[in-house]
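Reader: I'd like a close look at one part of this: the side chains at the surface and the charged pairs. Could you take me through where they sit and whether they are buried or exposed?

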Amino acid sequence: MLDSIYFQLFLLVLLYFSLFFLIAVLKKDNSIVDIGWGLGYVYTANMALYLTNDYNLRSFIITFIVTIWGLRLSYHIFKRNLGKGEDYRYAKWRESWDNFYLKSFLRIFMLQGVLLFIISTPIIKIIASSYQSLKIIDFIGLLLWGIGFAFEAVGDKQLREFKSLDESEKDGHIMKKGVWKYTRHPNYFGDALVWWGFYTIALAVSGGWMFIFSPILMTYLLRYVSGVPLLEKRYADDEEYQKYAKKTNIFFPWFPKK
């Protein structure tokens, strides 16, 4: 039964990203996949709940917090990208790739589908497991999720408000206040902590400990692949950012250096 749920959800996730690929082709904008990323977790969790048909308290809790996190993330990206055209990364690939549509389908949409499914497995495990009463570890996981969600949401909100200010109201062009005072990437740190929260809840079910690869993979992607490195590279020659970087931790929050 459990193996069948994983297989069904894997196929459903690939179908989901295939639909996003068709939308991207029609819009001529592969940036749509970034909106689909957060929504994909919402879709996967809710489909897992539907397929298992086991509506217990822990399943409801994990589905609810995944839904809150995923909807907020996708809405944030939708608002950020609205009216700005295709993201520069995808636009660059559009110009340089031969067999662009085939490579886009495989390297962008299917790759993200596979990654999303792998990362989602502890969530599926929680939902598909037989119910036992909530444990202390559940509440620890919820606490980690809450702290991570706050870092991510507050960081995005503070940066959005900073960018909306007139130049005369800003202290330079780099956001250095609020949670950005303690880490250069509070949104990515928060995102990683959210997934450690999900995994901690998975520890409450039998065999949940085996899914530790999920938060490790997400943290690795955010810290070393698709998150932090791209922005650090973008500001490598920015003098104000480099001064900010000397005082502020790159990922884990801590007090700024003097």
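Author: Let's start with Leu15, which is partly exposed at a relative accessible area of 46%. Bear in mind that this is a predicted model. Leu15 belongs to helix H1, which covers residues 2–27. Together with Leu19 and Leu22, Leu15 makes a nonpolar patch on the surface, and the three of them share about 290 Å² of accessible area. Some background on helices helps here: an α-helix has 3.6 residues a turn, so residues three or four places apart point the same way. Leu15 qualifies for a patch because its 46% is over the 30% cut-off.

There's a charged patch too. Arg80, Lys84, Lys163 and Arg234 form a positive patch on the surface. One of these, Arg234, sits in helix H9 and counts as exposed, with 56% relative accessibility. Patch members have no salt bridge, so Arg234 isn't part of one.

Now for the charges that do pair up. The count of salt bridges comes to eleven. One of them joins Arg89 and Asp34, whose closest N and O atoms are 3.2 Å apart. That pair ties together distant parts of the chain: Arg89 is in helix H4 (residues 88–96), Asp34 is in helix H2 (residues 32–52), and 55 residues separate them. Their surroundings aren't alike: Arg89 is partly exposed at 23% relative accessible area, whereas Asp34 is buried at 12%. Asp34 gets the buried label because its 12% is under the 20% cut-off.

Helix H9 brings us to another pair. Glu232 makes a salt bridge with Arg184, with 3.1 Å between the closest N and O atoms. Here again the link spans distant parts of the chain: Glu232 is in H9 (residues 228–234), while Arg184 is in the loop between helix H6 (136–164) and helix H7 (186–202), 48 residues away. Both Glu232 and Arg184 are buried. Going back to Asp34 and Arg89, salt bridges with shared partners join these two and Asp87 into one network.

A third pair is Glu167 with Lys170, whose side chains meet at 3.6 Å, N to O. Glu167 is exposed, with a relative accessible area of 58%. Lys170 is buried, at 17%.

Some uncharged spots are worth a look as well. Asn30, in the loop between H1 and H2, is buried, with a relative accessible area of 2%. Leaving out residues up to four places away in sequence, Asn30 touches Ala24, Glu86, Tyr90, Arg94, Phe100, Ser104, Ile108 and Phe109.

Met210 sits in the loop between H7 and H8, where it is partly exposed at 46% relative accessible area. Met210 and Ile124 are 86 residues apart in sequence, and their C-alpha atoms are 13 Å apart in space.

That loop leads us to helix H8 itself, residues 213–225, where the buried residues are Ser214, Pro215, Met218, Thr219, Leu221, Leu222 and Arg223. Those buried residues pack against H2, helix H5 (100–128), H7 and H9. H2 is where Asp34 sits, and H9 holds Glu232 and Arg234.

Notes: Residues numbered from 1 in each chain as written. Predicted model: local features only at pLDDT ≥ 70, side-chain atom pairs only at ≥ 80, totals over all residues. Heavy atoms only, no water. Salt bridge = Lys/Arg side-chain N within 4 Å of Asp/Glu carboxyl O. Helix = DSSP H or I, 4+ residues; strand = E, 2+ residues; numbered from the N terminus. Buried < 20%, exposed > 50% of the residue type's maximum accessible area, 1.4 Å probe, protein only. Patch = residues over 30% accessible without salt bridge, like charges linked within 9 Å, V, L, I, M, F, W, Y side chains within 5 Å. Areas by Shrake-Rupley, 256 points an atom, 1.4 Å probe, with all protein chains shown as cover. Lys, Arg positive; Asp, Glu negative; His and termini not counted. Charge placed at Lys NZ, Arg CZ, Asp CG, Glu CD. Contact = heavy atoms within 4.5 Å.
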